[in-house]
Amino acid sequence: MSRRSLLAAAAAMPIAGPALAKSEALMSSTLPDLKSFAPMSGVYLNSGTMHPIPIGGRRALDDYLTMRQTGRNIHTYDVEERIKAKFARLINASVEEIAFVQSTTAGEQLIIEALDMPASGGGIVTDTLHFFGSFYLYEELAKQGMDVTWLRAENGRIDVEAYEKAITADTRLVSLSLVSTYNGFEHDLTRICEIAHARGAMVYADIIHAAGTVPIDVRASGVDFAATASYKWLMGDFGLGFLYVRKDRLEQLRRPRYGYYQISGFQTHVYPFDPPGDEIADITARDDAQGHFAMGTHSHTVLPLLDWSLAHLLDLGIDNLVAYRRPLLERLHEQLPAKGYQVVTPRDSRTPLLTCVFEDAHKRLAEPLEKASISMTVSRNRFRFSPSFFNTMDDIDQALDALPNV
């Protein structure tokens with residue numbers, strides 16, 4: 001059976017079970033996992049920008065929307081707790097250390113506010129392989145009086161020694177991307193946390209390109225805070241992600257916002273038949289991560305997607321995904337320089353991102369890639385492959401064939 005026939009057959013399978021049930025058995029034990037995704041138009045090597053939604057996730061979402069359409073009451077508490085438990089398992093955290101957030105950036109901003117920066121002063125150490133959207137945040141904090149130290153990459157990486165020199169007794173926060181969106185470089189998070197904690201600093205990690213792609217053990221690494229959205233490698237969608245906060249750090253943080261979803265106990269004294277009281281309401285806040293960082297209603301349509309996809313990732317095993325990708329990425333490392341391109345991703349990287357710098361990349365490559373139906377990230381002066389576990393060596397070779405020799 002051809003790849004297209006196989007995918008078409010999988011797409012035609014009937015919906016099985018309720019939307020919020022466990023992951024369906026849509027895949028075999030072997031990779032690539034072709035059965036879990038619908039046919040795509042061309043070769044998709046852009047999962048690092050936005051991952052395709054799996055068939056099982058789509059079915060779960062359709063079931064949810066049918067319930068909403070027909071006016072059926074939906075109780076999401078159990079689903080939310082189940083999803084948080086799955087994500088906690090993925091990164092080796094506890095459910096009490098996980099809160100839903102709108103996005104990775106929202107999580108990072110909440111941590112900055114919880115640390116009362118910039119009012120509380122002190123220093124921040126970060127690097128230029130961090131998410132470029134965070135450049136604005138730290139440049140603005142510097143303008144407001146924070147001492148911000150930027151570490152610059154050399155040969156596509158930032159060595160631990162650079163952090164060891166930069167972190168001082170005045171440093172309050174180290175902020176980095178565990179896996180860089182720029183080139184897939186992966187930090188030695190455990191060692192950086194050891195250095196930071198020895199000097200009294202805390203560590204925040206953007207894990208949007210790590211969660212679901214490389215093994216993460218927040219407990220072993222000692223990282224204090226981490227955040228991710230779900231529309232990339234977790235195969236959810238825009239508008240819902242996760243914030244991890246180490247349980248023993250919660251008491252050291254101010255609550256940056258106040259909202260109904262942070263509350264564990266609530267008794268009003270203003271409505272008819274309310275018990276009397278001296279206050280408008282008696283309010284007890286939760287003492288977990290949700291109690292500190294939840295605010296208002298979050299996206300519910302992403303929940304069924306994550307309920308399916310997180311279970312699927314756990315079933316597949318992150319180590320298996322890393323092992324499957326290695327030959328695909330190795331082919332790129334071998335062939336791209338032979339075609340004249342400069343790879344800026346370290347050869348030993350185990351992450352799913354591989355980047356080349358190339359002047360006027362978008363002007364020179366967008367047309368031939370589009371003509372060959374290759375979807376990948378092509379920026380002004382660089383281009384990036386980000387294969388997932390549904391991609392094959394044939395996909396890699398088609399992309400290489402589409403790139404002109406330079």
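This passage describes aromatic pairs, a small sheet, a nonpolar surface patch, cysteines, a helix and salt bridges in a predicted model.

The structure is a predicted model, in which local features need pLDDT of at least 70 and side-chain atom pairs count only at pLDDT 80 or more, whereas totals for chains, interfaces and linings use all residues. Residues are numbered from 1 along each chain as its sequence is written, and side-chain values use heavy atoms, with hydrogens and water left out.

Aromatic contacts were assigned between rings of Phe, Tyr and Trp (for Trp, its six-membered ring) with centres within 6.5 Å, planes under 30 degrees apart being counted as stacked, those over 60 as edge-to-face and the rest as tilted. Under this rule, 14 aromatic pairs are found. In the pair of Phe135 and Trp150, the ring centres are 5.2 Å apart and the planes stand at 75°, so the arrangement is edge-to-face. Helices (H or I, at least four residues) and strands (E, at least two) are taken as DSSP runs and numbered from the N terminus. Because Phe135 belongs to helix H5 (residues 133–143) and Trp150 to strand S4 (residues 147–151), the pair ties together parts that are 15 residues apart in sequence. Accessibility is classed as buried under 20% relative accessible area, exposed over 50% and partly exposed in between, with a 1.4 Å probe and protein chains only. Phe135 is partly exposed at 29% relative accessibility, and Trp150 is likewise partly exposed, at 24%.

A further edge-to-face pair is formed by Tyr341 and Phe358, with 5.1 Å from centre to centre and 75° between the planes. This pair links distant parts of the chain, 17 residues apart, since Tyr341 sits in the loop between helix H11 (318–338) and strand S11 (342–343), while Phe358 sits in the loop between strand S12 (354–357) and helix H12 (361–371). Both Tyr341 and Phe358 are buried, and ring pairs join these two residues with Phe383 and Phe385 in a cluster.

Strands S11 and S12 also belong to an open sheet of four strands, with the order S11-S12-S15-S14 and antiparallel pairing, where two strands are taken to pair if DSSP finds at least two bridges between them. The edges of this sheet are S11 and strand S14 (377–378), each of which pairs on one side only. S14 and strand S15 (residues 382–385) run antiparallel and are joined by two bridges; Thr377 has Arg384 in S15 as its bridge partner.

On the surface, Tyr260, Tyr261, Phe266 and Ile283 make a nonpolar patch of about 440 Å². Patches consist of residues with over 30% relative accessible area and no salt bridge, like charges being joined within 9 Å and nonpolar side chains (Val, Leu, Ile, Met, Phe, Trp, Tyr) within 5 Å, and accessible areas come from the Shrake-Rupley method with a 1.4 Å probe, only the protein chains shown counting as cover for residues. Within the patch, Ile283 lies in strand S10 (residues 281–285) and, at 51% relative accessibility, counts as exposed.

A search of the whole structure for disulfides (pairs of cysteine sulfur atoms within 2.5 Å) returns zero. Cys193 is buried at 1% relative accessibility, and Cys356 is buried at 0%. In helix H4 (residues 104–114), the buried residues include Thr104, Gly107, Leu110 and Ala114; just after H4, Asp116 takes a positive phi of about 60°.

Salt bridges, defined by a side-chain nitrogen of Lys or Arg within 4 Å of a carboxyl oxygen of Asp or Glu, number 17. Glu164 and Arg191 form one of them, with the closest N and O atoms 3.5 Å apart. Since Glu164 lies in helix H6 (residues 160–166) and Arg191 in helix H7 (residues 189–198), this salt bridge ties together parts that are 27 residues apart in sequence. Glu164 is partly exposed at 32% relative accessible area, as is Arg191 at 31%.

The side chains of Arg249 and Asp224 meet in a salt bridge with an N to O distance of 2.5 Å. Here Arg249 occupies the loop between strand S8 (241–245) and strand S9 (263–268), and Asp224 the loop between helix H8 (218–221) and strand S7 (225–229), 25 residues apart. Both Arg249 and Asp224 are buried, and a network of salt bridges links Asp224, Arg246, Asp248 and Arg249. Arg286 and Asp288 also form a salt bridge, at 2.5 Å from N to O, and both of these residues are buried.
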